Amino acid sequence: MKVEFPKTFFWGAASSATQAEGRVVGDGKGENIWDYASKEYNHRFYDGVTTENTSLFYRDHQQDIQKMQDISFNSFRTSISWSRLIPNGTGKVNSEAVQFYNNVIDELIANKVEPFINLYHFDMPMVLQEKGGFENKEVIEAYKQYAKTCFELFGDRVKYWFTFNEPMIPAEAGYLHDRHYPYVVDFKRAATVLHNIILAHCEAVKVYREMKLAGKIGIIMDVIPVYPRSQNPADLYAAEMADLFYTKSVNDAILKGKYPERLREVLEEYDQLPEVTETDIQLIATTSIDLLGINYYRPRRVKAKECLPNPQGVFSPEWFFDEYVMPGRRMNTSRGIEIYPKGIYDIAKKIQTEYGNIDWFVSENGIGIEGEEAFIEEGIVQDDYRIDFLKEHLMYLNQAMDEGSNCLGYHMWTFVDCWSWGNAYKNRYGFYRLDLSTGAKTVKKSGLWFKEMIENNGFD
Ligand code: FCB
């Protein structure tokens, strides 16, 4: 066997509440920003598909977990939906939801699939968004109470907890780049949201530690490794700034306990610094995590700016760099993003050299493909491209581990084709195909390959 992984390695997939649960009449779920936005801003969603029927994990979880076991998963990440558990964001807990999450957790454990549970995957309860979402400090307190409720209800069985999935995204997509509700375009407000999410993370970790539960807690980050066009100082500067804004801002706060000094200087210079108190700085400095999840999909190639930004325009990290379209880059045309397997190795090395070689795992990696039905032969999606994608990424991961990286597992996005934020069901990612018209979930060739790979702890 050429590419071999430890026997204790975590293998599985990731999913999230809003993208997979669906809603059924009488489930007592409150509305979140996605339920609201996919209705009210329906034109922003591919084919106008709302969150209503997403993959129906709520209804099918028993059979779905059986399907995970069928392809030999030993672990699975999903998230708890805050608005399902606590429909008004604070206060009364929905007993239907408690029952549902208890069933999911117990069923996973009974099938020897370790539950990895995330508390927040982009899905702010609507009632709290109406109060300003993470711009409002009261929402940090509400999140802390929600986290505590989850630890109390499920902490006896869940050993791996995550506070947030991709903390940068709700800030960047929701408050700067007009991709997620509330579709605000304002850097300083985005920075405030990011800062408050980091504080909410710290508060949840603190509560978890106080409860002295026997488990680990961490966070899931989206890391986009940055590559400059050339070694010219102007290109290097562009890369430094892209990395500072999009990666170091969060990574340093969470993993080093402080924001980069350089970031503070730049934000001060442009009058974009959010309010950060001494107490906040202390809280960040005294919080540490046990396990880091990294979502990796693509590299970010950058070059020096070709035109000066309009100083009257909205301030943005893109004032400092341009995207570099590298000739010959290998693209996933369904998503319009580059495929670059070595990025996973580069991230692993960075964690090893700059972030204390903390225990981590690949919490998402995957390839979304449009029109996968074209690859169905004999009832199965023959997704050899996904198998190649997996092999290439796993080879680089394996190399980094040989060189000492503390990687503990690999989760693919995702288990069954699910709804995406905006693209809905356009691009498919699953090990199982979801037939939207019948609801049938059928294993793809990659699911069978993954099973064999898990059983052999690697591949040739
Ligand atoms: C990630 C998100 C996840 C999924 C994949 C494709 O950024 O965490 O929810 O949509 O992208």
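Biologist: Between which two strands is the loop that holds Thr 414?
Modeller: Keep in mind that this is a predicted model. Thr 414 is joined to Trp 413 by a cis peptide bond, with omega at about 10°. As for its place, Thr 414 is in the loop between strand S17 (407–413) and strand S18 (427–428).

Biologist: And which residue in the loop between S17 and S18 has a positive phi without being a glycine?
Modeller: Most residues other than glycine have a negative phi. In the loop between S17 and S18, one residue goes the other way, with a phi near 45°. That residue is Ala 424.

Biologist: Is Ala 424 buried or exposed?
Modeller: Buried means under 20% relative accessible area. The relative accessible area of Ala 424 is 0%, so this residue counts as buried.

Biologist: How about Asp 271, buried or exposed?
Modeller: Asp 271 also has a positive phi, about 55°, and isn't a glycine either. You'll find Asp 271 in the loop between helix H11 (261–269) and helix H12 (278–285). The cut-off for exposed is over 50%. With 58% relative accessibility, Asp 271 therefore counts as exposed.

Biologist: Which residue does a cis peptide bond join to Tyr 181?
Modeller: Most peptide bonds are trans. The bond after Tyr 181 is cis, with omega at about 15°. The partner is in the loop between helix H8 (168–175) and helix H9 (187–210). Its name is Pro 182.

Biologist: Let's go to the ligand. How much of its accessible area does the protein cover?
Modeller: Start with the polar side-chain atoms: one of Gln 19 lies 2.8 Å from an oxygen atom of the ligand, and one of Glu 166 lies 2.9 Å from a ligand oxygen. On its own, the ligand has 290 Å² of accessible area, and the share covered by the protein is 90%.

Biologist: How far is an N or O atom in the side chain of Asn 165 from an oxygen atom of the ligand?
Modeller: Asn 165 is among the residues around the ligand, along with Trp 413 and Tyr 429. The ligand takes up the space of the largest pocket. From the side chain of Asn 165 to the ligand oxygen, the distance is 2.9 Å.

Biologist: How many charged residues does the shell around the ligand have?
Modeller: The residues around the ligand include Glu 166 and Glu 364, and Glu belongs to the charged class. By class, the shell has 4 nonpolar residues and 4 polar ones, and the number of charged residues is 2.

Biologist: His 121 is around the ligand too. What is its relative accessible area?
Modeller: His 121 lies in the loop between strand S4 (114–118) and helix H6 (126–129). His 121 counts as buried because its relative accessible area is 2%.

Biologist: Which residue has a side chain in polar contact with that of Glu 172?
Modeller: Glu 172 lies in helix H8. With a relative accessibility of 10%, under the 20% cut-off, Glu 172 is buried. Its side chain makes a polar contact of 2.7 Å with the side chain of Arg 179.

Biologist: Last one: how far is the backbone nitrogen of Glu 96 from a polar atom of the side chain of Asn 94?
Modeller: Asn 94 sits in the loop between helix H4 (82–85) and helix H5 (95–110). At 8% relative accessibility, Asn 94 counts as buried. The distance from the side chain of Asn 94 to the backbone nitrogen of Glu 96 is 3.0 Å.

Terms used:
Residues are numbered from 1 along each chain as its sequence is written. This is a predicted model: local features need pLDDT of at least 70, side-chain atom pairs count only at pLDDT 80 or more; totals for chains, interfaces and linings use all residues. Side-chain values use heavy atoms; hydrogens and water are left out. A residue is near a molecule or strand if one of its heavy atoms lies within 4 Å of it. A polar contact is a pair of N or O atoms within 3.5 Å; within protein, one must be able to donate a hydrogen and the other to accept it, and residues adjacent in sequence count only if both atoms are side-chain atoms. Accessible areas come from the Shrake-Rupley method with a 1.4 Å probe; for residues, only the protein chains shown count as cover. On a 1 Å grid over the protein atoms alone, a cavity is a set of points where a 1.4 Å probe fits but cannot get out, and a pocket is an open set with protein on both sides within 12 Å along at least five of seven lines; lining residues have an atom within 4 Å of a point. A molecule sits in a cavity or pocket if more than half of its atoms lie within 2 Å of its grid points. Helices (H or I, at least four residues) and strands (E, at least two) are DSSP runs, numbered from the N terminus. Buried means under 20% relative accessible area, exposed over 50%, partly exposed in between (1.4 Å probe, protein chains only).
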